[in-house]
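This report goes through selected features of one model, element by element. The sequence and structure come first.

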Amino acid sequence: MLNLESLFNFSYGMYIISSKNDGKFNGCIVNTVFQITPEPPMIAVSVNKKNLTNEYIAESKVFVVSVLAEETPLEFIGRFGFRTGRDIDKFERVNCKTGQSGVPIVLDNAVGFIEAEVTDAINVETHTLFIGRITACQTIDESKVPMTYNYYRDVKNGRTPRTAATYIEKKPKAKLEKVDHKMKKYKCLICGYIYDPAVGDTENGITAGTAFEDLPDDWVCPECGAGKDEFEPV
Ligand code: FE
């Protein structure tokens, strides 16, 4: 029996992994970071091959892991986790300092950081497992508590993008209904996701034909976890 939901019993953290390439910077959210050996201090991280950050790490062979605190707003996670660096500069208006490898260390909402040089990159289906030797690491704010992946999901009601290493597809409860094409589409102001009532959000139990106004009050953007009040009609 393959009950993938049981994989949520794993414990993870929430991190921004950043890198550089040709004078440009990018970063994305990952939860799959772990230490491999104490001496020399080595870590590993799994990053989707579709993520621009993957390309940057593969090119520059350096990365920084910024450890996010529990109070990190969903909007901040949405910016790094659900937008692409191909469209926006994710570091614009984000408080950073430059690490010794030249990669930005995120200071906003960060508990600490780890800087590493890639020693190995293992091709694993859709993802690359980057193995790195730690070259610097520091706690930035001892008063903050690191956010766990479960805290993000259960307390903050955060969502997981399809590109995440731990993404699990929910089975849609398909139901054919007559669709009213006059119903308006709504756009998420945080991540740009468009709710189309003709399509619904079947992954989260919203059948096609459900008007935005009829979505439950606790419905959130399936891409970034923003609430209904972050949407406006398009
Ligand atoms: Fe969104």
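What covers the buried residues of helix 2?

## Helix 2 and its surroundings

The model discussed here is predicted. In this model, the cover over the buried residues of helix 2 includes strand 1, strand 2 (24–30), strand 5 (62–68), strand 7 (104–106) and helix 3. Helix 2 spans residues 74–81 and is mostly covered, with six of its eight residues buried. The buried positions in helix 2 are Leu74, Phe76, Ile77, Gly78, Arg79 and Phe80.

After helix 2 comes a loop that leads to strand 6 (96–98), and Glu92 is placed in this loop. Glu92 is partly exposed, because its relative accessible area is 44%, a value between the limits of 20% for buried and 50% for exposed. Glu92 and Leu52 are separated by 40 residues in sequence, and their C-alpha atoms are 17 Å apart in space.

## Strand 1 and its two partners

Strand 1 covers residues 15–21. Like helix 2, strand 1 is described as mostly covered: six of its seven residues are buried.

With strand 2, strand 1 runs antiparallel and is joined by seven bridges. One of the bridge partners across this pairing is Asn26 in strand 2, which is matched with Ser19. The two strands make a hairpin that has two residues between them, and in the turn Asp22 has a positive phi of about 55°. Strand 1 also pairs with strand 5, again in the antiparallel sense, over four bridges. Here Ile17 has Val65 of strand 5 as its bridge partner. In a regular strand, side chains alternate between the two faces of the sheet.

## The sheet of strands 10, 11 and 12

Three strands make up an open sheet with the order 11-10-12 and antiparallel pairing. Strand 11 (194–195) and strand 12 (231–233) stand at the edges; each has a single partner strand, so one side of each is left without a neighbour in the sheet.

Strand 10, residues 186–188, runs antiparallel to strand 12 and is joined to it by three bridges. Within this sheet, Lys187 stands opposite Glu232 of strand 12.

## Aromatic rings and charges over them

How many aromatic pairs does a search of the whole structure find? The search finds 11. One of them is formed by Tyr12 and Tyr149, whose ring centres are 5.8 Å apart and whose planes stand at 85°, so this pair is edge-to-face. Tyr12 belongs to the segment before strand 1 and Tyr149 to helix 3 (residues 149–155), so the pair ties together parts that lie 137 residues apart in sequence. Tyr12 counts as partly exposed at 23% relative accessibility, whereas Tyr149 is buried, with a relative accessible area of 4%.

One aromatic cluster is formed by Tyr186, Tyr195, Phe212, Trp219 and Phe231. Phe212 also has a charge over its ring: the charged end of Lys228 sits there, 5.3 Å from the ring centre. Another such arrangement places the charged end of Arg153 over the ring of Phe8, at 3.7 Å from the centre.

## Cysteines and Asn51

Why do Cys28 and Cys96 not form a bond? The closest cysteine sulfur to that of Cys28 is in Cys96, 14 Å away, which is too far for a bond; a disulfide would need the sulfur atoms within 2.5 Å. Seen from the other side, the closest cysteine sulfur to that of Cys96 is in Cys28, at 14 Å. The structure holds zero disulfides. Cys28 counts as buried at 5% relative accessibility, while Cys96 is partly exposed, with a relative accessible area of 27%.

Cys28 is also one of the residues that Asn51 touches. Leaving out residues up to four places away in sequence, Asn51 touches Cys28, Arg86 and Thr163. Asn51 itself is located in the loop between strand 4 (42–48) and helix 1 (52–60). Is this loop residue, Asn51, buried or exposed? Asn51 counts as buried, because its relative accessibility is 16%, and the limit for buried is under 20%.

Key:
Residues numbered from 1 in each chain as written. Predicted model: local features only at pLDDT ≥ 70, side-chain atom pairs only at ≥ 80, totals over all residues. Heavy atoms only, no water. Buried < 20%, exposed > 50% of the residue type's maximum accessible area, 1.4 Å probe, protein only. Contact = heavy atoms within 4.5 Å. Pairing = 2+ DSSP bridges. Phe/Tyr/Trp six-rings, centres within 6.5 Å; stacked < 30°, edge-to-face > 60°. Lys NZ or Arg CZ within 6 Å of the ring centre and 35° of its normal.
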